[in-house]
Amino acid sequence: MKKNLIAIIILALLIVNTVLTGIMMFTMLQTSMKTTQLVGDISSAIQLDLGIAGSGNVDTGSTTVAMSDIAAYNLTDTLTIKLASDPDGDGKDHYAVVGVTLSLDTTNEDYAKYSETMATNEGLIKDEINKIIGSYTMTQLNSNAVTTADLQEQILEGLQQMYNSQFIIGVSFSSWITS
């Protein structure tokens with residue numbers, strides 16, 4: 001009789017445990033789904049925030065472009081850019097020697113209009129790059145106060161504002177030397 005009573009108690013506890021586990025699973029599933037949705041919403045908001053590079057009149061939000069739709073435009077010469085004078089530095093002139101490649105979106109409606117004149121406008125492009133990189137000191141560049149990614153983003157924003165278009169979607173440095 002004692003064995004049957006213990007078996008009944010164990011069976012009752014097993015049923016209660018199963019019911020409570022089911023209830024807990026359904027309540028946690030709702031909370032988990034809400035948490036996943038919240039994380040997704042926050043991720044979307046952060047992505048949109050990070051994609052907006054500046055306050056200019058061109059929306060420079062990041063877009064996804066297939067690699068087959070990207071054309072590379074290499075500036076013909078490497079740029080030798082005099083860096084800004086550092087008041088606390090060694091008093092010498094410092095330079096950055098930079099090779100620049102622009103990524104162009106071939107699906108953008110402005111690509112056909114501007115891609116043909118890229119070579120003739122190369123002087124304006126180089127000037128914009130010179131202004132941006134030349135505004136920093138050797139100390140700022142070496143101490144990682146300004147990273148190459150920051151410079152690329154600033155150059156991209158400047159070029160998109162100059163062309164008033166988003167057909168330029170990326171700036172890459174094929175070479176980067178500072179001295």
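A polar contact here is a pair of N or O atoms within 3.5 Å, where one must be able to donate a hydrogen and the other to accept it. Keep that in mind for the view of Gln160. Everything shown below comes from a predicted model.

**Figure 1. The whole chain, with five helices and four strands.**
Start at the N terminus and walk along: the elements come in the order α-β-β-β-α-α-α-α-β. Of the chain's 179 residues, 28% count as buried. The accessible surface adds up to about 11,800 Å², and carbon and sulfur atoms account for 59% of that. If you take the contacts between residues at least 6 apart in sequence, 70% of them link residues at least 24 apart.

**Figure 2. Gln160 reaches the backbone of Ile168.**
Gln160 sits in helix H5, which covers residues 148-163. A polar atom of the Gln160 side chain lies 2.7 Å from the backbone oxygen of Ile168. That distance is inside the 3.5 Å limit, so the pair fits the distance part of the definition above. Is Gln160 buried or exposed? Its relative accessible area is 4%, and buried means under 20%, so Gln160 is buried.

**Figure 3. Glu153, also in helix H5, and its distance to Ser172.**
Glu153 belongs to helix H5 too. With a relative accessible area of 40%, Glu153 is partly exposed. How far apart are the C-alpha atoms of Glu153 and Ser172? They are separated by 9.8 Å, with the two positions 19 residues apart along the chain.

**Figure 4. Asn164, a residue with positive phi in the loop after H5.**
Look for Asn164 in the loop between H5 and strand E4, the strand that spans 168-178. Phi of Asn164 is near 55°, a positive value, and this residue is not a glycine. As background, most residues other than glycine have a negative phi. Asn164 counts as partly exposed because its relative accessibility is 48%, which is neither under 20% nor over 50%.

**Figure 5. Asp127 in helix H3 and its distance to Leu79.**
Asp127 is a helix H3 residue. At 39% relative accessibility, Asp127 counts as partly exposed. Now find Leu79: Asp127 and Leu79 are 48 residues apart in sequence, while C-alpha to C-alpha they are 9.9 Å apart in space.

**Figure 6. Thr137, in the loop between helices H3 and H4.**
Helix H3 runs over 122-134 and helix H4 over 138-142, and Thr137 is in the loop between them. Thr137 is buried, because a relative accessible area of 9% falls under the 20% cut-off. Which residues does Thr137 touch, once its neighbours within four places in sequence are set aside? They are Leu83, Ala84, Ser85 and Asp86.

**Figure 7. The largest cavity and its lining.**
Rolling a probe the size of a water molecule over the atoms shows where empty space is left. In this chain the count comes to one cavity of 30 Å³ or more. The largest cavity has a volume of about 40 Å³. Its lining is made of Ala84, Ser85, Asp86, Gly89, Asp90, Gly91, Lys92, His94 and Met138. Sorted by class, that lining has two nonpolar, four polar and three charged residues. You've already met some of these names: Ala84, Ser85 and Asp86 line the cavity, and they are also among the contacts of Thr137.

How values were computed: Residues are numbered from 1 along each chain as its sequence is written. This is a predicted model: local features need pLDDT of at least 70, side-chain atom pairs count only at pLDDT 80 or more; totals for chains, interfaces and linings use all residues. Side-chain values use heavy atoms; hydrogens and water are left out. Helices (H or I, at least four residues) and strands (E, at least two) are DSSP runs, numbered from the N terminus. Buried means under 20% relative accessible area, exposed over 50%, partly exposed in between (1.4 Å probe, protein chains only). Contact means heavy atoms within 4.5 Å. Accessible areas come from the Shrake-Rupley method with a 1.4 Å probe; for residues, only the protein chains shown count as cover. On a 1 Å grid over the protein atoms alone, a cavity is a set of points where a 1.4 Å probe fits but cannot get out, and a pocket is an open set with protein on both sides within 12 Å along at least five of seven lines; lining residues have an atom within 4 Å of a point. Grid points are joined across faces, edges and corners, and a volume is the space filled by probe spheres set on the points. Ala, Val, Leu, Ile, Met, Phe, Trp, Tyr, Cys and Pro count as nonpolar, Asp, Glu, Lys and Arg as charged, and the others, Gly among them, as polar.
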